Amino acid sequence: MGRLKDFFFGKPKELKAPESDDTNTDDENEQPGPAEQAFAVPNTNRHPWGDFSLLQSLTPERLAGILNDVKRGECPAEYLELAQDIELKDLHYRSVLSTRKDAITGLEIKVVPASEEKNDVELADAVERDIVKNSTAKLYTLIRDMLDALAKGFSVSEIIWDTEKTPWKPKRYKYRDARWFQYDKETGKTLMLRVPLGNELEPLKPFHFVVHEPHLISGNQITAGLALPALYYWMLKSYDVTSWAAFIDRYGYPIRIGKYGKKATEQDRATLKRAVAAIGQDFGAVIPESAQLEIIESKHASETSNVYKNMADWIDKQISKLILGQTMTTDEGSSRSQSETHDKVRDDIADSDIQQVIETLNAAITIPYVNFNFGAQENYPHIELFKPDEKNVEQIINAVDKLGPQGLKVKADELRSLLGLANPDEGDEVIGGRQEYSLPAPGDEGGEPQEPNLNAEQTEAPDTLDALIDESAGSYVQISDDIAAVIEKAADQATDFESFREELQKLVKNWPADKIAECIAVATFKARALGDAEFSNE
C-alpha cells in the first residue's frame, strides 16, 4: 500500500504537517500537509491575500488592455482579481450570481448505482458513505466553491485524501485561489499551477484536484467566465454612479442667496454670509432685519437625476440577462405570471449547470475513489443532484374535496402530514371533524330522531314518484351490473379511447338479445312512469 500511495501521491515534501485536523481552521492560514501541491507562499505568485486596489484606480484603457489579454488566451492575475472584486463591491452582480449558485447548492444529492447487481449497489453505498455523507470533507461546500467557475471560467479545489486507513476517502476539499493558476501557453487548454517564483508553470498532480470548467461558450475556457462581459458594464455603471453622486452633491441641494441693502454694514454682510453657509445644516439663521434670504430650488434637477438612475437600472438588467437569462424575477414591475414564465428560462440554465457539476464530481472524485479502493470498473456509480418533488397542497385538497363525494378515499394521516398538522390526542381540544348524531333506540316510540333536518322536503311522506323509483330499482340492478361488467372488460383491454370504443362495440355485438330487450323495456317503462308521475303532480 505504501508504494501505491507514493505512486499516486508522490513523495512527501519537506513541509511542516498541520498540528491538528480541526476542520474549522482557515485553509489559507494553516500549514500545508505533506501531499498538498497548491498551497500559499507569501510574497510570491501564490500569495494568499489580494490587495484589490486595481479596481479603485481602474481606467477604461487599463480595463481594455486586460480584457484583450484574456481574449488572446492569456490568464492574467489582474483579470481574476477584478472578477473577484466586482463580486464583492457590486450588489446587483453579487445578488444575481448568488441566485444562480443557489439554484444548484439547494439541491439534494444521491448516488445511483450502475445497475441492480449486488456489486454495483455495494459500490454506490460506499460512494454515498465516504463521499456524500462525509461530513468532514463537506461536499456541499465543495459544490459552492466549484460554482466560482461561473464568474471566472474555472475553479480549483484540492482534494486532501485520507490514506492512513482503508478505504481511502476524501478528508477535505480546499478551495484554491484562481490567481495561482494559468492555462498552458502552447494550447491554452490545460490548467497548470504557477510556481511561487518566476514565470514557469507546473502540471497538476492527477487525482488531487477538482477542476470545474463550465462550458458556457465555445472557445478558450478563460474567456467563458461571466465576469468578462460583466466588467465592461461594471465600468459604465461605476462612471454613471460617480457622476450621479457628483450631480447630487452639486445640484441636489437648493441654492441659498442672501441679499442686503445699500445701508448694510460690514458686520451685517458678515452675519448674512454666515447665515447662508449655516442654513443648509442648521435649518435656521439669524439675519438683520434689512437683509433677505432666498432659497431657489432647481426645477429640472430631478429630471436630470433620473437619467443616471435609468442608466444604472438598464445596466443591472443587462447583468440579469447575462447571468440568469431573464430580468422578470429580479426587477420591479413584473407580474407573478410573467415571473413564473421567465423562471423557466433560468431553470434551463440551472439544468445545464447541474449536469456539468455532476460530470465534474464523478470524474474528479467518484471514479478515483472507486479505482483506489475497488479497482477499475466497467461501469461506475454516479452522483446526481436533484430537486425533491414539491407537492401542491392546494391542488391535493381540491382534488380530495371534489373526488371524495365520488368515492375516493384517502388516509387522514397523509393529509395531516401535508398540512403539517399532528393527530389530536385524547383530551385535546379539537376543531372540525364530522358531527355525531344520536338516533332513538329501537322500541322507543316516544323518542324522536336527533339527526337534524337537512332537507325540509324529506320530512313529507313519500309520494308516488318516490315509490315508483324504489319499486323499479330492484329489477334494474342486475342489468346495470351486466353493463358494468362489459364496460370494465372493454376498459381493461383498451389502450386509448379509440381502442376502447372498438372493444365496446365487439362486446355489444355478443350481448344476448333477451338482455337487450329487457334493458330497453325496463328503461322505457321507467322513463314513461317517471314522466307520468311528474306531470300528474302538476
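Two strands count as paired if DSSP finds at least two bridges between them, and I kept that cut-off beside me while going through this predicted model.

**Entry 1, the small sheet around β5.** I looked up strand β5 (residues 191–194) first and found that it pairs with β6 in the antiparallel sense over three bridges, which satisfies the requirement of at least two. Within this pairing, M192 stands opposite P203 in β6. The sheet to which these strands belong is open and has three strands in the order β4-β5-β6, with antiparallel pairing. I noted that β4 (181–183) and β6 (201–203) each have a single partner strand, so one side of each is left without a neighbour in the sheet. When direction is ignored, neighbouring strands here are turned by 50° against each other on average.

**Entry 2, the sheet around β2.** I then turned to another open sheet of three strands, which runs in the order β3-β2-β7 and is likewise listed with antiparallel pairing. Its edge strands are β3 (169–176) and β7 (209–212), each of which pairs on one side only. From one strand to the next, the twist averages 25°. Strand β2 (residues 155–162) is joined to β7 by four bridges, the two running antiparallel, and I located V211 in β7 as the bridge partner of V156. Helix α6 (residues 139–146) packs on this sheet and touches β2, β3 and β7, while its direction makes about 155° with that of β2.

**Entry 3, the core and F154.** Which residues have the most contacts inside the largest nonpolar core? I found that they are Y79 and F154, in a core of 73 residues. The largest share of this core comes from helix α11 (residues 336–374), which contributes ten residues. I followed F154 further and, leaving aside its neighbours within four places in sequence, listed its contacts as C75, L80, D148, A149, A178, F181, Y183, L191, H212, E213 and I222. Of these, F181 and Y183 fall at positions that bound β4 (181–183), L191 falls at the start of β5 (residues 191–194), and H212 falls at the end of β7 (209–212).

**Entry 4, the whole chain.** Finally I recorded the overall figures, beginning with 16 helices and ten strands in the protein chain. Buried residues make up 32% of its 538 residues. Among contacts with a separation of 6 or more, 67% are between residues 24 or more positions apart. The protein chain exposes about 34900 Å², of which carbon and sulfur atoms supply 51%.

Conventions: Residues are numbered from 1 along each chain as its sequence is written. This is a predicted model: local features need pLDDT of at least 70, side-chain atom pairs count only at pLDDT 80 or more; totals for chains, interfaces and linings use all residues. Side-chain values use heavy atoms; hydrogens and water are left out. Buried means under 20% relative accessible area, exposed over 50%, partly exposed in between (1.4 Å probe, protein chains only). Contact means heavy atoms within 4.5 Å. Accessible areas come from the Shrake-Rupley method with a 1.4 Å probe; for residues, only the protein chains shown count as cover. A nonpolar core is a set of buried Ala, Val, Leu, Ile, Met, Phe, Trp, Tyr and Cys residues joined through side-chain atoms within 4.5 Å. Axes are lines fitted to C-alpha atoms, for helices over the stretch in contact, and angles run from 0 to 180 degrees between N-to-C directions.
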